[in-house]
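I opened the notebook for a look at how protein and DNA meet in this model. My notes follow the display.

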There are 2 protein chains.
Amino acid sequence: MLSKKTQYAFHALTYLAENVEKGPVLISEISQERKISLKFLENILLELKKAGVLGSKKGKGGGYYLIKPPEEVKLAKVIRMLDGPIALLPCVSLNYYERCENCDEAVCGLNRVMAEVRDNTLKVLENKTLADVLRNKE
Amino acid sequence: MLSKKTQYAFHALTYLAENVEKGPVLISEISQERKISLKFLENILLELKKAGVLGSKKGKGGGYYLIKPPEEVKLAKVIRMLDGPIALLPCVSLNYYERCENCDEAVCGLNRVMAEVRDNTLKVLENKTLADVLRNKE
DNA sequence: GCAAAAGTCTACTAAAATGGTAGGGAATAT
DNA sequence: ATATTCCCTACCATTTTAGTAGACTTTTGC
């Protein structure tokens with residue numbers, strides 16, 4: 001399961017994508033519209049900014065905004081930024097690989113099945129973007 | 001990621017499947033062969049027994065054994081037993097569904113994408129069994 | 001029937017992750 | 001200058017994770 005943090009991040013990102021024309025959007029607005037704790041959301045948006053997904057502006061008329069068009073924000077990237085690995089086993093993770101301590105990977109069947117699961121999952125998450133999430137709305 | 005518990009469960013189950021001819025296998029043997037803490041493994045095997053996957057025998061010559069042929073033990077079932085939901089969002093889980101509190105599911109695009117991820121994941125996990133994990137070894 | 005061999009059960013624990021909250025600081029617009 | 005808004009550090013309670021301890025029960029085989 002995705003953590004609340006990542007779930008909230010997705011809700012916030014889609015809200016921003018749906019309101020690009022507004023320019024910078026207040027944290028408090030997102031917080032109210034999507035029913036997310038304000039202070040928790042602050043942390044999340046800041047993290048997304050540091051990761052290069054969002055930009056921000058301070059002072060009156062400020063807020064957060066998408067720094068890239070929604071078509072360029074892959075879902076897999078967002079998940080990895082906040083939750084870490086997408087694979088079910090460390091020894092099968094592309095971005096957070098760790099050697100397996102319980103078996104020899106060369107002859108481990110579990111390894112191969114879980115790599116298949118990973119590939120099937122990534123087939124979706126690496127190709128779908130924020131824009132796809134929006135398009136599905138209609 | 002799968003918890004250590006579930007990872008260990010898979011290692012133990014495949015060990016048992018590879019050694020069906022032995023009859024009951026000692027916890028301590030599995031623990032040593034697969035380098036899993038003995039006491040932790042005890043809990044895990046007991047849980048698998050209560051869930052109907054394993055049988056056991058006490059006293060000399062006792063141990064744990066698979067209660068069904070490896071072809072009938074779906075990977076998805078093992079994961080759900082020990083780790084719970086496989087889906088990435090509660091509002092998209094087949095076995096542990098919970099309503100989403102942040103949006104209206106009927107118009108939520110995230111929902112649909114995550115359902116697609118779930119289906120792609122389950123395509124593997126619902127069809128592969130312990131036996132498939134073994135067959136991949138050759 | 002007794003001892004050894006095994007699994008069973010209850011309870012405990014330390015460490016980490018999760019899901020927040022508090023409050024002041026820094027930058028910006030007017 | 002001041003109000004607005006994001007930025008930052010620190011803290012906190014609860015739950016989950018990964019394990020450990022130790023006594024208890026069942027079974028086997030002599």
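Which base atom of DNA strand D is 2.5 Å from an N or O atom in the side chain of Lys39(B)? I found that it is a base oxygen, a polar contact (a pair of N or O atoms within 3.5 Å; within protein, one must be able to donate a hydrogen and the other to accept it, and residues adjacent in sequence count only if both atoms are side-chain atoms).

Housekeeping first. I am working with a predicted model, where local features need pLDDT of at least 70 and side-chain atom pairs pLDDT 80 or more, while totals for chains, interfaces and linings use all residues. Residues are numbered from 1 along each chain, chains are lettered from A and ligands numbered from 1 in written order, and side-chain values use heavy atoms, without hydrogens or water.

Next, I looked up chain A. The side chain of Ser56(A) has an N or O atom 2.7 Å from a phosphate oxygen of strand D. For Glu42(A), the partner is a base nitrogen of strand D, at 3.3 Å.

Then I took in the whole surface near strand D (near: a heavy atom within 4 Å). Its residues split into twelve charged (Asp, Glu, Lys, Arg), eight polar (the others, Gly among them) and seven nonpolar (Ala, Val, Leu, Ile, Met, Phe, Trp, Tyr, Cys, Pro). H3(A) gives the largest share, four residues; helices here are DSSP runs (H or I, at least four residues), numbered from the N terminus. On the DNA side, 73% of the strand D atoms within 4 Å of the protein belong to sugar or phosphate, and the rest to bases.

How values were computed:
Helices (H or I, at least four residues) and strands (E, at least two) are DSSP runs, numbered from the N terminus.
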